[in-house]
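Me: Hey, can you walk me through this structure? I'm new to this, so plain words please.

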Amino acid sequence: MSGHAPVPPAPEGLTSQDFPVHWPVLTRWADNDMFGHLNNAVYYQLFDTAINGWIAEHVDIDPVATPELGVVAESGCRFLGELAFPERLAVGLAVTRLGRSSVTYRLALFRAPGDAGAVPLAALGHWVHVYVDRTTRRPVPIPDGIRALLATAQV
């Protein structure tokens, strides 16, 4: 007996159906590491892409010129299963806390569900964005358009 507890297949019983937003992502050849699966850093890139892609698709902002920036204050990921190129994946996104100047996301990575219904998670992450003034870097309220969108994904 090794003394290590096995990692449960879905912490808190979560599946793909527990995420209001599913952002499709494709893996790339370069995403695999020398062990033949997605490198851990790729999961963070996919989370970042899903959050910012979802916002950009639904809110009319220019991320290069907007006076407010959502900067990452905290992130983490629990790896539950292996993924590899070539796989069609989805990032699940849910807002678990919506504050004045910050938002906390629950994120997941899983194989694209198609019509399969609930799909087990391959990774479970969290991400905190704090909105700051582009110039002063001091916290500012989340812009109204972004706040309204974030509210649609609250759990």
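Reply: Sure, let's start with how confident the model is and then look at a helix and some aromatic rings.

Me: Okay, what's the mean pLDDT of the protein?

Reply: This is a predicted model, and the mean pLDDT of the protein is 90, with 91% of its residues at 70 or more. Residues 4-9 are a weak spot, with pLDDT below 50. Beyond near neighbours in sequence, that stretch has seven contacts in the model.

Me: Cool. Now the helix: how far apart are the end C-alpha atoms of H1?

Reply: They're 28 Å apart. H1 covers residues 40-58, which is 19 residues, and at 1.5 Å a residue it should span 27 Å, so the two values agree.

Me: And what caps the N-terminal end of H1?

Reply: Asn39 does. One of its side-chain oxygens lies 2.9 Å from the backbone nitrogen of Ala41.

Me: Which residues of H1 are buried?

Reply: Val42, Tyr43, Leu46, Phe47, Ala50, Ile51, Trp54 and Ile55. They pack against strands E1, E2, E3, E4 and E5, plus helix H2.

Me: Why does Trp54 count as buried?

Reply: Its relative accessibility is 5%, and the cut-off for buried is under 20%. So Trp54 counts as buried.

Me: What does Trp54 touch?

Reply: Leaving out residues up to four places away in sequence, Trp54 touches Val21, Trp23, Thr49, Leu93, Leu149, Leu150, Thr152 and Ala153.

Me: Switching topic: how many aromatic pairs are there?

Reply: The count comes to four. Take Tyr44 and Phe47: their ring centres are 6.5 Å apart and their planes sit at 70°, so the pair is edge-to-face.

Me: Where do Tyr44 and Phe47 lie?

Reply: Both are in helix H1, three residues apart, which is about one turn of the helix. In general, an α-helix has 3.6 residues a turn, so residues three or four places apart point the same way.

Me: Is Tyr44 buried, partly exposed or exposed?

Reply: Tyr44 is partly exposed, with a relative accessible area of 25%. Phe47 is buried, at 0%. Tyr44 also pairs with Trp127, and that pair is tilted, with 6.4 Å centre to centre and 40° between the planes.

Me: Where does Trp127 lie, and how far along the chain is it from Tyr44?

Reply: Trp127 is in strand E5, 83 residues from Tyr44, so this pair links distant parts of the chain. Trp127 is buried, with a relative accessible area of 5%.

Me: What do the ring pairs link into a cluster?

Reply: Tyr44, Phe47 and Trp127.

Notes:
Residues are numbered from 1 along each chain as its sequence is written. This is a predicted model: local features need pLDDT of at least 70, side-chain atom pairs count only at pLDDT 80 or more; totals for chains, interfaces and linings use all residues. Side-chain values use heavy atoms; hydrogens and water are left out. Helices (H or I, at least four residues) and strands (E, at least two) are DSSP runs, numbered from the N terminus. The expected span of a helix is 1.5 Å times one less than its number of residues. Buried means under 20% relative accessible area, exposed over 50%, partly exposed in between (1.4 Å probe, protein chains only). Contact means heavy atoms within 4.5 Å. A polar contact is a pair of N or O atoms within 3.5 Å; within protein, one must be able to donate a hydrogen and the other to accept it, and residues adjacent in sequence count only if both atoms are side-chain atoms. pLDDT is the predictor's confidence in each residue, from 0 to 100. Rings of Phe, Tyr and Trp (its six-membered ring) pair if their centres lie within 6.5 Å; planes under 30 degrees apart count as stacked, over 60 as edge-to-face and the rest as tilted.
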